Amino acid sequence: MNEVAITIIDRQGVKHELQAPTDMNMNLMEVVRSYEIEPDGTVGICGGMAMCASCQCYIQSSHELNPMSDEEEAMLSEAFHVKDNSRLGCQIPITEELEGLVIEMAPES
Amino acid sequence: MITTDILIIGAGPTGLFTVFEAGLLQLKCHLVDALPQPGGQLAELYPKKPIYDIPGYPEVLAGELVDNLMKQIEPFQPGFTLGERAETLERTEDDYFIVTTNKGTKHKSKIVAIAGGLGSFEPRKPEISGIEKFEDRGVSYMVKDPEQYRGKKVLIAGGGDSALDWSIFLSDIASEVHLVHRRNEFRGALDSVEKVQELKNKGKILLNTPAEVVEIKGGDSLESLVIHNHQTDLTKEMAVDAFIPLFGLSPKLGPLSDWGLEIEKNAIKVNHTLDYQTNIPGVYAIGDVNTYPGKLKLILCGFHEATLMCQSAYARIYPDKRYVMKYTTVGGVTGFDGSKKEAPKAVVKTID
């Protein structure tokens, strides 16, 4: 199966354990949307261009992720509720390396 | 009072194209948008990004698409109320709608087409407790009149283009400009970043990074700010006349959600099998702002929705008129400005 197991803790603190496909050219933001983990229109507002931070999440597991692009870093420098482990979900492609990843959605702002 | 046939809320691609389709039916349009320029997200967020799924365009820059749409609708002389947010919707006894903006501009029409995309773009407000109390009393989220800062001590927070550009601009007007940003890196046009560096070296902009405004103090109006520097871990209080947090814009459905429309998933429910009308007859919702089973938020879907919506609007405005859709290749395009575009006529002539 071209899938990895991912745990997403939503904005209400509810834990969702789900399977994310590695062969669909999807990113973490799109996985959150496809499983309707948060209300529509509150995640991925800009469509995945690293322009809104509505998909900000905190990486809780110790996975080595793809490095941040300048755009992502810049967006996070302006966003609110940013922590050291903040990333934009839309900038994290779903790959095999993400097996077991645990993330928590940042509050809506 | 501005009167028109179709009042369009939102001047994004869907709203703009509505003007064209309405124009073919000889219906006049007026557009209201909270942003100061037409184009919606395309102009505000990503004018330089290419779009690849506009039929007939293998690739087009978002800004270019807006320019082209503006050109396409020019013959239909749309009116614009820009920089104002549609605030209220009322229905008159004779079945017209009155839409009033936050600045009090009133618009009257038989049809309202909401093409509001993700909503109106509102400045993102930092979470500093009590900041609301000082809004317009020293705190503003956008610079409306730079002159009001003449001779004042101003603190700008943010790390993007607008924070940089306003710091540069106000450095000539204000007595002191402080720029506070959470990181040492700024995101902006190279020119702006270099200019800020230069002004910082000259002491015309006082930079404080990586730092954040953590507290706001004052009586009736803003008096001072408490700034925490993350690197030195030092906190200091500074007296200022003005605080301008510039953290970008975020779209909010805003006042539309109080118009009595059926809302689902932060979008307006419409009759998708027919004409994209909302639960209020005469009010339509098209483009990214609407929702129905299978909805896709794509520009090309917005264009389609606008086209069907205009046919329905025509039938509402002129219930007794008979009409059939006419191809532009057949009928050409006759503008309200007297311009006429049409296919060149074939010549019927004997060849001897």
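**Chain B: what the terms rest on**

Buried residues make up 38% of the 352 residues in chain B. The model is a predicted one.

Reader: What makes a residue of helix 1 of chain B count as buried?
Author: A residue is called buried if 20 or more other C-beta atoms lie within 10 Å of its own. In helix 1 of chain B, 12 of the 12 residues are buried, so this helix is largely enclosed by the rest of the structure. Among them are B:Pro13, B:Phe17 and B:Leu24.

Reader: What covers the buried residues of helix 1 of chain B?
Author: The cover includes strand 1 (2–9), strand 2 (29–33), helix 3 (62–73) and helix 6 (299–317) of chain B.

Reader: How do you know that the span of helix 1 of chain B is close to the expected one?
Author: The expected span is 1.5 Å times one less than the number of residues. For the 12 residues of helix 1 (13–24) of chain B this gives 16 Å, and the helix reaches 17 Å from its first C-alpha to its last, which is close. Just after the helix, B:Gln26 takes a positive phi of about 65 degrees.

Reader: Why are strand 12 and strand 16 of chain B said to stand at the edges?
Author: The open sheet has four strands in the order 12-11-10-16, with parallel pairing. Strand 12 (205–208) and strand 16 (242–245) each have a single partner strand, so one side of each is left without a neighbour in the sheet.

Reader: What makes strand 10 and strand 16 of chain B a pair?
Author: Pairing requires at least two bridges. Strand 10 (153–157) and strand 16 have four bridges, in the parallel sense, and therefore count as paired. In this pairing, B:Ala157 stands opposite B:Pro245 of strand 16.

Conventions. Residues numbered from 1 in each chain as written. Chains lettered and ligands numbered in written order. Predicted model: local features only at pLDDT ≥ 70, side-chain atom pairs only at ≥ 80, totals over all residues. Helix = DSSP H or I, 4+ residues; strand = E, 2+ residues; numbered from the N terminus. Contact = placed C-beta atoms within 7 Å.
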